Amino acid sequence: MRVCPTCGRIYNDAPAISRKDNKTEICPDCGTREAISSIPHKKMTPADRTKAKVYSTGNKWAIENFNKTHGLF
């Protein structure tokens, strides 16, 4: 039984290592929160959102068509 120094919650799972100092053991939930918050957030333009949606389909024709119509060869 461990107590997370970040949130104070008691947990029994394997601990995560804090990204703040790379040595403090924290609960898995706080570890996940730290990992997600460390990802740089950039506002996506409408073109970026469209590109992401097209690429996420895996449809080769759609990707090729998107690239050709947007000057990305």
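**Exercise 1. In this predicted model, determine which residues Ala16 is in contact with, leaving aside its neighbours within four places in sequence, and identify the nonpolar core to which Ala16 belongs.**

Solution.
Step 1. With neighbours within four places in sequence set aside, the contacts of Ala16 are Thr24, Glu25, Ile26, Cys27, Pro28 and Gly31.
Step 2. Ala16 is a member of the largest nonpolar core, which has 6 residues in all. Ile26 and Cys27, both in contact with Ala16, also belong to this core, together with Cys4, Tyr11 and Cys30.
Step 3. A general tendency may be recalled here: in soluble globular proteins, nonpolar side chains tend to be buried together.

**Exercise 2. Characterise Asn22 by its location, its phi and its accessibility.**

Solution.
Step 1. Asn22 is located in the loop that joins β3 (16-17) and β4 (25-26).
Step 2. The phi of Asn22 is near 60°, which is a positive value in a residue other than glycine.
Step 3. The relative accessibility of Asn22 is 61%. The cut-off for exposed is over 50%, so Asn22 counts as exposed.

**Exercise 3. Establish how the buried and exposed residues of helix α3 are arranged, and describe the N-terminal cap of α3 and the residue Gly71 that follows the helix.**

Solution.
Step 1. Helix α3 spans residues 60-69, and its buried residues are Ala62, Ile63, Phe66 and Asn67.
Step 2. Viewed down the axis of α3, these buried residues fall within an arc of 130°, so they line one face of the helix.
Step 3. The general geometry is as follows: an α-helix has 3.6 residues a turn, so residues three or four places apart point the same way.
Step 4. On the face of α3 turned away from the buried side are the exposed residues Lys60, Trp61, Lys68 and Thr69.
Step 5. At the N-terminal end, Asn59 caps α3 through a side-chain oxygen that lies 2.9 Å from the backbone nitrogen of Trp61. After α3 comes Gly71, with a positive phi near 70°.

**Exercise 4. Describe the packing of α2 and α3, and locate a polar contact made by the side chain of Asn67.**

Solution.
Step 1. Helix α2 (46-57) is included in what covers the buried residues of α3.
Step 2. The two helices, α2 and α3, pack at about 155°, and their axes are 9 Å apart. Angles over 145 degrees count as roughly antiparallel, so α2 is roughly antiparallel to α3.
Step 3. On the α2 side, the contact is made by Ala47, Thr50, Lys51, Val54 and Tyr55; on the α3 side, by Ala62, Ile63, Phe66 and Asn67.
Step 4. Asn67 is buried, at 14% relative accessible area. Its side chain makes a polar contact of 2.9 Å with the side chain of Tyr55.

Conventions. Residues are numbered from 1 along each chain as its sequence is written. This is a predicted model: local features need pLDDT of at least 70, side-chain atom pairs count only at pLDDT 80 or more; totals for chains, interfaces and linings use all residues. Side-chain values use heavy atoms; hydrogens and water are left out. A nonpolar core is a set of buried Ala, Val, Leu, Ile, Met, Phe, Trp, Tyr and Cys residues joined through side-chain atoms within 4.5 Å. Buried means under 20% relative accessible area, exposed over 50%, partly exposed in between (1.4 Å probe, protein chains only). Contact means heavy atoms within 4.5 Å. Helices (H or I, at least four residues) and strands (E, at least two) are DSSP runs, numbered from the N terminus. The arc is that of the directions from the helix axis to the C-beta atoms. A polar contact is a pair of N or O atoms within 3.5 Å; within protein, one must be able to donate a hydrogen and the other to accept it, and residues adjacent in sequence count only if both atoms are side-chain atoms. Axes are lines fitted to C-alpha atoms, for helices over the stretch in contact, and angles run from 0 to 180 degrees between N-to-C directions. Angles under 35 degrees count as roughly parallel, over 145 as roughly antiparallel, 65 to 115 as roughly perpendicular and the rest as oblique.
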